[in-house]
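Thanks for coming, everyone. I'll put the structure up now, and then we'll walk through it.

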Amino acid sequence: MLKNRPLFIQIWLVFGLAMALSMFFMGAVPTMLRSFFDPVIHNALEKAQMTILESELNGGKVLPEIAFTEQSNYRRSFPIVEHFLLNDDGTIVSSALLPPGLLDQVVKDAHAQREEVKHYEFQSDTVKIHYVLRRLDNSSGAVYLISYLADFYRDEMVQGLFFQFMYVVGIMLLICWVPSIFLAKYLSKPLVQLEQRVKQIADRDWHRPIKVDRRDEIGKLASSIERMREKLLLQDDAQQSFLQNISHELKTPVMVIRSFVQSIYDGVYPRGDLESTVKVIDEEAQRLEKRIQNLLYLSKIDYLSTHEPTEAKADLKEILEKVVSRFSWRRGEIQWSVNLVPLTVPGTPEQWTVAIENILDNQLRYAVSRVHVLLLSQERENGAFVALVRIWNDGPPISDPDLGRLFQKFERGSGGEFGLGLSIAQRIVSLFGGKIWAVNEHEGVAFYLEVPGCSPSRGIDC
């Protein structure tokens, strides 16, 4: 099939097809010209008749005294048109030699004609004749003026025009043939280069940039491939960094557990007694379990982000109440201020529970004495309805560099743990078209969550 051929061959095949169609139409040109010249010939014959009638009658002559001489005006205007007069009795007045059989056919047509003017054709063994028969009535009876033209005059005109047409088409094809070669190379060369670079990218050789100095569709394709290469490069760097961070974060608790277990085998208790030593092992195992769970959940969120979002709905007010109730027991000295309105957001209760827990865990870790939780609905200028969550604590402010990296994986502030909690929260919020950010305000730090929501109490559905 044509689409399976190289682009260079496709362009040449299309050009060859265009040439074949041109030759086909060129073969049909003579027939088209002949059909075009038939009415032109009939019109010319009528004009020749009118010229001879006006010339002779204005000279004072009356039919059938018209003399057909070389000096007549119609001879100068229509040199290839012949005329003769036919009386009603079948006799003729003519200075021309009529083709064999033409007179018999004209007499037959004249006796049958009722119109004033009519066109006819006569075909002999050697030539085709076009003639116009005009009926002229006078005092002595009916007289017919016949003007005729041999078909070879038309063939000469058709042949001349046809050769001129072939000459023009041949020149045009020759002119187009040379640019088509350069066009084929111009289009196929960068595509071949892009094909080679894409193969290299598929083999993970994506460090060399793709440069194509074009602004057409091929240039746009090259730009898209270059953006893909850059993203693959960033993703590869992020993956390498991710693996290094995972190795570091998982290695520490594993080393602690193995060293404490080996010490117990050796009869040594690093924490003074067996119970305290085993407690450390249990704490490190819990930390390891939590980190593995976070990694698995992060992988789950990445998977969900590439698939259709769920149509589940979650009651954000109920989720916040439950999470706050659990976290309030961690630090009894913290004063909680909770102000919530009924709101529903897209997503499952599990997903929003994880997001809220990760944010509250961070806020509670740095809080000094107070934590405020606010949930309200807002309507934007464009008519969009959003749920806004604000979680504030009176802890120390976050430095500007840390604010910019707060939701990146493995970014930990002072006193932080694994560096995945806020990243997971950010992924969940983004999964449902929302956004999350942190700001230093009111002698503390506030986290904001904004997500498209619904309010059953206000009659707004998701």
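I'll begin with the whole chain, go on to two helix pairs, and finish with some single residues.

One thing up front. This is a predicted model. Keep that in mind throughout.

So, the overall picture. The chain has 462 residues, and 37% of them are buried. Its secondary structure comes to 10 helices and 12 strands. Now look at contacts between residues at least 6 apart in sequence. Of those, 65% join residues at least 24 apart.

Now the helix pairs. Two packed helices are described by the angle between their axes and the distance between the axes. I'll give you both values each time.

Start with α7 and α8. Helix α7 covers residues 316-327. Its axis and that of α8 are 10 Å apart, at an angle of about 40°. What do we call that arrangement of α7 and α8? Oblique, because the angle of about 40° falls outside the ranges for roughly parallel, under 35 degrees, and roughly perpendicular, 65 to 115. The crossing is right-handed.

Who meets whom here? From α7 we have L316, I319, L320, V323, V324, R326 and F327. From α8 we have P349, W352, T353, I356, E357, L360, D361 and L364. By class, that contact has 11 nonpolar residues, one polar and three charged.

Next, α8 with α10. Helix α8 runs over residues 349-366, and helix α10 over residues 421-431. The angle is about 140°, and the axes are 8 Å apart. That again makes the pair oblique, because roughly antiparallel would need an angle over 145. The crossing of α8 and α10 is left-handed.

The α8 side of this contact is Q351, W352, V354, A355, N358, I359 and N362. The α10 side is G421, L422, I424, A425, I428, V429 and L431. Which classes do these residues belong to? Ten are nonpolar, that is 10 in the count, four are polar, and no charged residue takes part. W352 of α8 appears in the contact with α7 and also in the contact with α10.

Stay with α8 for one residue, N358. Is N358 buried or exposed? Buried, because its relative accessibility is 17% and the cut-off is under 20%. Set aside neighbours within four places in sequence, and N358 is in contact with G421, L422, I424 and A425. Those four are also listed on the α10 side of the helix contact.

And α10 itself? Its buried residues are L422, S423, I424, A425, I428, V429 and L431. Just after α10 comes G433, with a positive phi of about 75°.

Let's move on along the chain. Strand β11 covers residues 435-441, and E441 lies in it. E441 is a glutamate, and it is buried, because its relative accessible area is 18%. Which side chain does E441 join in a polar contact? That of R390, at 2.9 Å. Beyond residues up to four places away, E441 touches R390, W392, A446 and Y448.

Compare E443. E443 sits in the loop between β11 and β12. E443 is exposed, because its relative accessible area is 73% and exposed means over 50%. E443 still has contacts. Not counting residues up to four places away, E443 touches W392, D394 and G395. The C-alpha atoms of E443 and G395 are 7.6 Å apart, with their positions 48 residues apart along the chain. W392 is touched by E441 and by E443.

Two last stops. The first is Q378, in strand β9, residues 370-379. Q378 counts as partly exposed, because its relative accessibility is 25%. Where is P452 relative to Q378? They are 74 residues apart in sequence, but 9.7 Å apart C-alpha to C-alpha.

The other is V106, in helix α3, residues 102-112. V106 is buried, with a relative accessible area of 0%. Its contacts, leaving aside neighbours within four places in sequence, are F84, L86, Y131, L133 and I146. V132 lies 26 residues from V106 along the chain, and their C-alpha atoms are separated by 9.7 Å.

That's the tour. Over to you.

Technical notes. Residues numbered from 1 in each chain as written. Predicted model: local features only at pLDDT ≥ 70, side-chain atom pairs only at ≥ 80, totals over all residues. Heavy atoms only, no water. Axes fitted to C-alpha atoms, helices over the stretch in contact; angles between N-to-C directions. Helix = DSSP H or I, 4+ residues; strand = E, 2+ residues; numbered from the N terminus. Left-handed = near helix turned anticlockwise from the far one by under 90°. Contact = heavy atoms within 4.5 Å. Nonpolar A, V, L, I, M, F, W, Y, C, P; charged D, E, K, R; others polar. Buried < 20%, exposed > 50% of the residue type's maximum accessible area, 1.4 Å probe, protein only. Polar contact = N/O pair within 3.5 Å; in protein donor to acceptor, adjacent residues only side chain to side chain.
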